[in-house]
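Dear colleague,

I am passing the structure below on to you, since you have not worked with it before. Please look through it at your own pace, and then read the notes that follow it.

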Amino acid sequence: MAIARPPGMDFDHNWPESTECLTLDFGPFETVHMWKPMPECDEFVGARRSKHTVVAYKESLYVFGGDNGKNMLNDLLRFDVKDKSWGRAFTTGKPPAPRYHHSAVVHESSMFVFGGYTGDIHSNCNLTNKNDLFEYKFNTGQWIEWKFDSRDDLRDPLPNKVNSRTVPRTPRLPVARAAHGAAVYDGKLWIFAGYDGNARLNDMWTISLIGEVKGWEEVHQSGDIPPTCCNFALAVARDCMYVFSGQSGAKITNNLFQFSFDEKQWTRISTELVLRDTPPPPEKRYGHTMVAFDRHLFVFGGATGQTLPNELHCFDLDSQTWSITEPAQQSEVIKCYTFILQIPAGRLFHAAGVVSDAMYIFGGTIDNNVRSGEIYRFQFSSYPKCTLHDDYGRLLESRQFCDVDFLVGEVGVDQRKISAHIAVVAARSPWLRDKIRQAKAQQAVKGDTSRLEVLLADKDPGAFEMILSYIYTDKIHPGKKVNFTGQDANNNDVILAMMEVYRLSLQLQMGRLQHLCVQFLEASIGIKSVLFALQNAARLQLDFLKGFCLRFIVKEANYNQIVMSKEFETLDKPLIVEIIRRKLEPPVRLLDPQPEPLASNSLEQDLAQFRVGGQEFCDITLVLDGIQIPAHKAILGARSSYFEAMFRSFTPQDNLVNIAIGEMVPSRQAFDSLMRYIYHGDIVMPPEDSLYLFAAPYFYGFTNNRLQAFCKHNLEMNVSYQNVIQILEAADKIQATDMKKHALSIIVHHFTKAARLPSLRRLSRELLLDVLDALADEMSDSRVCQDLSGVSLTDSNMSL
């Protein structure tokens, strides 16, 4: 019998090696993913505004410029994050002229303000865009204007002009602009796009903010350069600049572009190139904000046509997926403090900044063109990401612990042996599960003990490989699977490959995958590829896709261009006839019909069901305090480096593995919570389970400390007098002394309630004595004595 212990591996996240070292910070704690209003800025300090800028420096936010609906502004406000107080920032020197739609960034101990729109909006005179550059020094409060002229001297020679700075001759300056984007990287200020009063721009300029020699340089951009745009959002993360949405001519886009500072190259991040069931990008918008935190970009607000949405959208830089970050759903009661959730109203032309682990948004234009003076704080979650899909993806890629070979394709023609894992495949596909059962039954009749083989002679090997990728990870990257390296989603090789996947998903009865394939193909088929798609849909007898292609071709905007193409001349005659007949039919305004996918689940849902109902495929037995619990090697090995090392090195005697976390054996309830996390990434559990499992990530070698982070949060947020007895017992069992003291403190302070709990009467003699000792210690406190003065220890309700 093998015993679970931490493996000898390079795996150190500064975790404790025993639960005796467990240290949790208990005290006032704000729940993550929660909006909270801060004190508004009083009118006598600064006006309500929009089209301003916000920058973060140390523990403060600095607000500059904007407009109050009547006049442009050039005051500088300061919000102290710690004190939650507003004030006017100290300034000397000549500040920039009143303006809005400018940019502001921070480098070292200075704020740099560039460009914007200036003039008198009330009288509509002297309105112009600017390309001036100002520096505000936080330490001294001094405004300095950077001057650019044709002289070679570095600084203005006149000593009385201390608030200006002259730089060497530069052949060109950025055109004056507003509603542009600005970033700081590698000691340089970078300016991108905007509006010059006549046209939208997509040029880029940079200037060094360090050293003595300074001058503007135009950046020669390459790659998929964004179209001319303004009123977009910009953020910097991982040595790259990210630009999202904005106004481009008469259009509003919802594209996300990435600019590599080192390579000077743009890339459009195309989420449609990857087939997966994830939310779409945010709606097209302008006047929104975007900030970077940890591995995420957060987008808030803006205008989407006639609406002002207030959802907080999140883009994960690792998985390249969008999602909506939902705040807490109800009031949280935390140690006698109640926080009423208030989500900010939708707005545009507000500004945002990040201080520590929170985002602050200030001002903006809300309904009926009203300027806002509100400021909101959004607490970020910094939990490690869920690695479930990545872990199973690595299992497939490594082909470790494979116990089934699928023989896919015709013998002697294109048959390919594709290895996989019975547990994962059987969990995801009922059709393949039946095939595996049939193959096992035939193997048992023959007395064959070799690796199981499943024959799939009429299936396409390439499509089956792609479906396996979906089975393990819930996504397919078609371009990679067909060795396609371009960026064009309409590539014919990709479309053909996904048609094969769609046809096979129909045969395998994978309804969710069918639906995703249809969505992918409909998004990928364009004017250049629709005839290719039509011909192959007809050949593969995919009637639904064939119908979609025909409807696309006969649309008024597409028809002439398609039928005049060279590809149309080579189209099969029956298809040409069908197109002509379809075009001659009376137009009917109908929405494109949608297929009705069979009911099927996500990876998490399938594995949650399989953990309970897949015992016929179990191949390892875990022993918990003498109780045998069947499990699946492949799943354990994929999620735990301890089990991976064990199964790779040797087969446990009698296929039995004794379960412990260090020297502690978890409760059955805590073990079930652990298995839910291993199988399908579930982190919902009672607080007492979190105490047992706090050290499990270290001992079992999970990919990261996500489980530990949730255990800590669960304990900090959910320990109350109702469950404190269970927490006390668990803390005593695993010798978590600080948690035990915390539990005793809760019992003492809520003794009149805790004493009536049936669980208190079932405590062991030793723990009851610990409770009495804690009570005795608190009796010396006059406040506690007053609380207990009316309570008789002989009262039947207080008897132990």
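Helices, as the word is used in this message, are DSSP runs of at least four residues, numbered from the N terminus. In that numbering, S720 belongs to the loop that runs between α19 (706-718) and α20 (724-734). Please keep in mind throughout that the model is a predicted one.

To stay with that loop for a moment, S720 counts as partly exposed, because its relative accessibility is 26%. Although S720 and I746 are 26 residues apart along the chain, their C-alpha atoms are separated by 7.2 Å.

For the chain as a whole, the secondary structure comes to 25 helices and 40 strands. Of the 800 residues in the protein chain, 53% are buried. Among the contacts with a separation of 6 or more, 61% are accounted for by residues 24 or more positions apart.

Turning to the interior, nonpolar side chains tend to be buried together in soluble globular proteins. Here the largest nonpolar core has 139 residues, and those with the most contacts inside it are F406, Y472, F643 and Y700. If residues up to four places away in sequence are not counted, F643 touches L622, L636, G637, V657, I659 and Y700.

The helix α1 (388-398) follows a loop that begins after β33 (375-379), and T387 is found in that loop. T387 counts as buried, since its relative accessibility is 6%. Leaving aside neighbours within four places in sequence, T387 is in contact with R639, T703 and N704. Within α1 itself, L388, D391, Y392, G393, L395 and L396 are buried, and what covers the buried residues of this helix includes α2 (422-428), α4 (461-473), α13 (603-613), α14 (633-639) and α16 (668-680). Just after α1, R399 takes a positive phi of about 60°.

Two helix pairs that share α6 are worth setting side by side. The axes of α4 and α6 come within 9 Å and cross at roughly 75°, and these two helices are therefore roughly perpendicular to each other. Their contact is made by A463, F464, M466 and I467 of α4, together with A497, M498, E500, V501, L504 and S505 of α6.

For the other pair, the axes of α6 (residues 492-507) and α8 (residues 530-539) come within 10 Å and cross at roughly 25°, so α6 and α8 are roughly parallel to each other. The crossing in which α6 passes α8 is right-handed. On the α6 side, the contact is made by N492, I495, L496, M499 and E500, and on the α8 side by F532, A533, N536, A537 and R539.

Finally, how many disulfides does the structure hold? The number is 0. A disulfide is a covalent bond between the sulfur atoms of two cysteines. In the case of C229, the closest cysteine sulfur is in C230, and because the two sulfurs are 7.2 Å apart, they are too far from each other for a bond; the cut-off applied is 2.5 Å. C229 also counts as buried, at 6% relative accessibility, and C549 is buried as well, with a relative accessible area of 0%.

With best wishes

Terms used
Residues numbered from 1 in each chain as written. Predicted model: local features only at pLDDT ≥ 70, side-chain atom pairs only at ≥ 80, totals over all residues. Heavy atoms only, no water. Buried < 20%, exposed > 50% of the residue type's maximum accessible area, 1.4 Å probe, protein only. Core = buried A, V, L, I, M, F, W, Y, C linked by side-chain atoms within 4.5 Å. Contact = heavy atoms within 4.5 Å. Axes fitted to C-alpha atoms, helices over the stretch in contact; angles between N-to-C directions. Parallel < 35°, antiparallel > 145°, perpendicular 65-115°, else oblique. Left-handed = near helix turned anticlockwise from the far one by under 90°.
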